[in-house]
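Reader: I have a structure open and some questions about it. Can we go through them one at a time?
Author: Go ahead, and put it up here.

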Amino acid sequence: SAIFLETVADVLIVQTIFWRWKACREANKRREARDKAAAIMIQKTWRYFNAYVDFVYTMADIVDSQRVVRTWLAVRRANELRFERDTAAATRIQTCWRGFAARTDALIMIVQIVVAQSIVRGYFARKELNRLREEKRRKSAIILQSLWRGFLQYSNYVILRSDIISIQALVRGHLSRRQRELEVDCAIVIQRAFRNFS
């Protein structure tokens with residue numbers, strides 16, 4: 001029976017803790033809902049206040065803009081009247097100045113064109129002169145190379161001919177000496193044979 005009472009007491013403690021936790025959770029939910037509603041109300045009021053302030057400033061800006069535009073229109077009309085008065089004199093001055101400037105620009109342009117033509121013609125003349133000089137140098141080089149090659153070939157020919165003649169002389173001398181030795185040997189053999197025979 002003591003165990004049963006302890007069990008019942010434990011169950012009651014657990015139930016108390018559970019119900020307390022559930023009540024706290026419900027209170028937190030209600031508090032969050034209340035805070036959310038209050039935040040929405042504050043946001044709505046703040047947006048209304050911002051919109052109202054923007055409207056007031058916009059209206060003030062519109063009134064200032066209208067005043068500025070009307071002032072600007074009045075000043076513009078006065079300036080147009082002043083401009084119409086000054087336009088005739090300015091047109092005459094501009095006409096004279098533009099004529100002078102056009103004549104001056106035309107003269108400067110003609111001088112520049114003449115100078116540019118002179119530079120271009122000089123460039124082309126120098127280019128043609130350089131081409132003719134290069135062509136003359138090339139032809140002269142070809143002639144010099146041709147003469148030098150001819151000289152080399154002729155020199156080689158003369159040297160080769162001289163060498164051939166020298167070799168031929170040596171060979172002919174050698175052959176002649178061998179022929180002479182052979183003839184002398186043959187004469188000796190014939191004389192010996194003849195002497196032995198007689």
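Reader: How far apart are glutamate 80 and arginine 76 in helix H1?
Author: This is a predicted model, and in it the two are four residues apart in helix H1, so about one helical turn separates glutamate 80 from arginine 76.

Reader: What do their side chains do, glutamate 80 and arginine 76?
Author: They meet in a salt bridge, at 3.8 Å from N to O. Side chains of opposite charge can pair when their charged atoms come close.

Reader: Why does glutamate 80 count as partly exposed?
Author: Its relative accessibility is 33%, and partly exposed covers what lies between under 20%, which is buried, and over 50%, which is exposed. Arginine 76 is also partly exposed, with a relative accessible area of 39%.

Reader: How many salt bridges are there?
Author: The count comes to eight. One of them joins arginine 137 and glutamate 134, at 3.3 Å from N to O.

Reader: Where do arginine 137 and glutamate 134 lie?
Author: Both are in helix H1, three residues apart, which is about one turn of the helix. Arginine 137 counts as exposed at 51% relative accessibility, while glutamate 134 is partly exposed at 47%.

Reader: Which residues are joined into a network by salt bridges that share partners?
Author: Arg76, Arg77 and Glu80.

Reader: Different topic. How many aromatic pairs does the structure hold?
Author: Six. In one, the rings of tryptophan 46 and phenylalanine 49 have centres 5.7 Å apart and planes at 35°, so the pair is tilted.

Reader: Why tilted, and not stacked or edge-to-face?
Author: Stacked needs planes under 30 degrees apart and edge-to-face needs over 60. The planes here are at 35°, so this pair falls under tilted.

Reader: Are those two buried or exposed, tryptophan 46 and phenylalanine 49?
Author: Tryptophan 46 is exposed, with a relative accessible area of 52%. Phenylalanine 49 is partly exposed, at 44%.

Reader: Which residues do ring pairs link into a cluster?
Author: Phe18, Trp19 and Trp21.

Reader: And which residues form the nonpolar patch on the surface?
Author: Tyr48, Tyr52, Phe55, Val56, Met59 and Ile62, with about 630 Å² of accessible area together. Phenylalanine 55 lies in helix H1.

Reader: Last one. How far apart are the end C-alpha atoms of helix H1?
Author: They are only 181 Å apart, although H1 runs over residues 2-197 and a straight helix of its 196 residues would reach 292 Å. H1 also bends by about 40° at threonine 87.

Technical notes. Residues are numbered from 1 along each chain as its sequence is written. This is a predicted model: local features need pLDDT of at least 70, side-chain atom pairs count only at pLDDT 80 or more; totals for chains, interfaces and linings use all residues. Side-chain values use heavy atoms; hydrogens and water are left out. The expected span of a helix is 1.5 Å times one less than its number of residues. The bend at a residue is the angle between axes fitted to the seven residues ending there and the seven starting there. Patches are made of residues with over 30% relative accessible area and no salt bridge: like charges are joined within 9 Å, nonpolar side chains (Val, Leu, Ile, Met, Phe, Trp, Tyr) within 5 Å. Accessible areas come from the Shrake-Rupley method with a 1.4 Å probe; for residues, only the protein chains shown count as cover. A salt bridge is a side-chain nitrogen of Lys or Arg within 4 Å of a carboxyl oxygen of Asp or Glu. Rings of Phe, Tyr and Trp (its six-membered ring) pair if their centres lie within 6.5 Å; planes under 30 degrees apart count as stacked, over 60 as edge-to-face and the rest as tilted. Buried means under 20% relative accessible area, exposed over 50%, partly exposed in between (1.4 Å probe, protein chains only).
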